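Here is a walk through one protein chain, from its overall make-up to single residues. Keep the sequence and the 3D view at hand while reading.

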Amino acid sequence: MLLRSRRNFSKPHKIFSDLRDAEKTVITVNPLSAPVSFLIKNIPDWCDKEYKRGIDIFNPFRIICTCEEYKESSKEYEPLDYRRVCKHIQGFYTQKLKNELEPLAELLMAQNRKHGPEELMRAELDSIEFYYGFSRTSEWINVYCNEKQWIRFSYNLRKKRWSENIAPKNGKFYVELLPKYFSL
Ligand SMILES: [Zn+2]
């Protein structure tokens, strides 16, 4: 029988066949920069109570749950960080708080559920904030920026191109700013 990780959002590490490939794709953060937390701020206080789903009990206001997924993510991320949101809390937000949370928080949570946790770097272009999302062993960097609404784009560092050739309006500048935050 195969034993599988209970952490259902964890992705296997990429297997490198050649160390030079590994060196090419590992992302190192610029020593002057640091990944940030992203806290969910505007959760209405009427949901500050315990809800039950099966054997698990969660509080969507405090972002706590008894499930295994939460036990793992709470070791890594600080209270109220979106990466602590487990499937129970996410399900509650989707059903009960549609469009009540910050749009960027919703986008980040959806991405987290679909692809697993990533590290986040807060960046600025002309005093306007945007975020780089990255995993240190991936050659892709996500860019979260506000183009009338918050939207995610993905850039491949090795191939130097945007995913499906869809670039953000300020894509050229987001790429130029990368060395400020990462040692590429
Ligand atoms: Zn849970």
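The model is predicted. In it, strand β6 (residues 128-134) and strand β7 (residues 140-147) pair in the antiparallel sense, and four bridges hold the pairing. The two strands form a hairpin, with five residues between them. Two pairs of bridge partners can be picked out here: Tyr131 is matched with Tyr144 of β7, and Tyr132 is matched with Val143 of β7.

On the other side of this hairpin in the strand order comes β5, since the open sheet of five strands has the order β5-β6-β7-β8-β9, with antiparallel pairing. β5 (119-125) and β9 (161-162) stand at the edges; each has a single partner strand, so one side of each has no neighbour in the sheet. Helix α4 (residues 103-115) packs on this sheet, where it touches β7 and β8 (149-156), and its direction makes about 40° with that of β8.

β5 and β6 run antiparallel and are joined by seven bridges. Along this pairing, Leu120 stands opposite Gly133 of β6. β5 and β6 also form a hairpin, with two residues between the strands, and in that hairpin Asp126 takes a positive phi near 55°. β6 itself is mostly covered, as five of its seven residues are buried. In a regular strand the side chains alternate between the two faces of the sheet.

The chain as a whole has 184 residues, of which 24% count as buried. It holds six helices and 10 strands. Among contacts between residues at least 6 apart in sequence, 48% join residues at least 24 apart.

Where do the buried nonpolar residues gather? The largest nonpolar core has 31 residues, and those with the most contacts inside it are Ile89, Phe130, Tyr131, Tyr132 and Val143. The elements that give two or more residues to this core are α3 (87-96), α4, β5, β6, β7 and β8. The core also draws on two domains, with at least three residues from each of domain 1 (18-38 + 116-184) and domain 2 (41-101). In soluble globular proteins, nonpolar side chains tend to be buried together. Phe130 serves as an example of the contacts: leaving aside residues up to four places away in sequence, Phe130 touches Ala123, Leu125, Val143, Tyr144, Cys145 and Tyr174.

Return now to helix α4. At 1.5 Å a residue, its 13 residues should span 18 Å, and the end C-alpha atoms of α4 are 18 Å apart, which agrees. The buried residues of α4 are Leu104, Glu106, Leu108, Met109 and Asn112. An α-helix has 3.6 residues a turn, so residues three or four places apart point the same way. What covers the buried residues of α4 includes α3, β7 and β8. Just after α4, Gly116 takes a positive phi of about 90°.

A second sheet is also present. This open sheet has three strands in the order β2-β3-β4, with antiparallel pairing. Its edge strands are β2 (51-53) and β4 (64-65), and each pairs on one side only. Strand β3 (residues 56-59) and β4 run antiparallel and are joined by two bridges, with Asn59 opposite Ile64 of β4. α3 lies across β2, β3 and β4, and runs at about 55° to β3. The same helix, α3, is among the elements that give two or more residues to the largest core, and α3 is also part of what covers the buried residues of α4.

The last stop is a loop residue. Asn170 has its place in the loop between β9 and α5 (171-176). Is Asn170 buried, exposed or partly exposed? Asn170 counts as partly exposed, because it has 17 C-beta neighbours inside 10 Å, and a buried residue needs 20 or more. Not counting residues up to four places away in sequence, Asn170 touches Leu125 and Cys145. Asn170 and Cys145 are 25 residues apart in sequence, and their C-alpha atoms are 9.1 Å apart in space. Leu125 and Cys145 are also among the residues that Phe130 touches.

Key. Residues numbered from 1 in each chain as written. Predicted model: local features only at pLDDT ≥ 70, side-chain atom pairs only at ≥ 80, totals over all residues. Buried ≥ 20, exposed ≤ 12 C-beta atoms within 10 Å, placed from the backbone. Contact = placed C-beta atoms within 7 Å. Pairing = 2+ DSSP bridges. Axes fitted to C-alpha atoms, helices over the stretch in contact; angles between N-to-C directions. Core = buried A, V, L, I, M, F, W, Y, C linked by C-beta atoms within 7 Å. Domains from an automatic or database assignment. Expected span 1.5 Å × (residues − 1).
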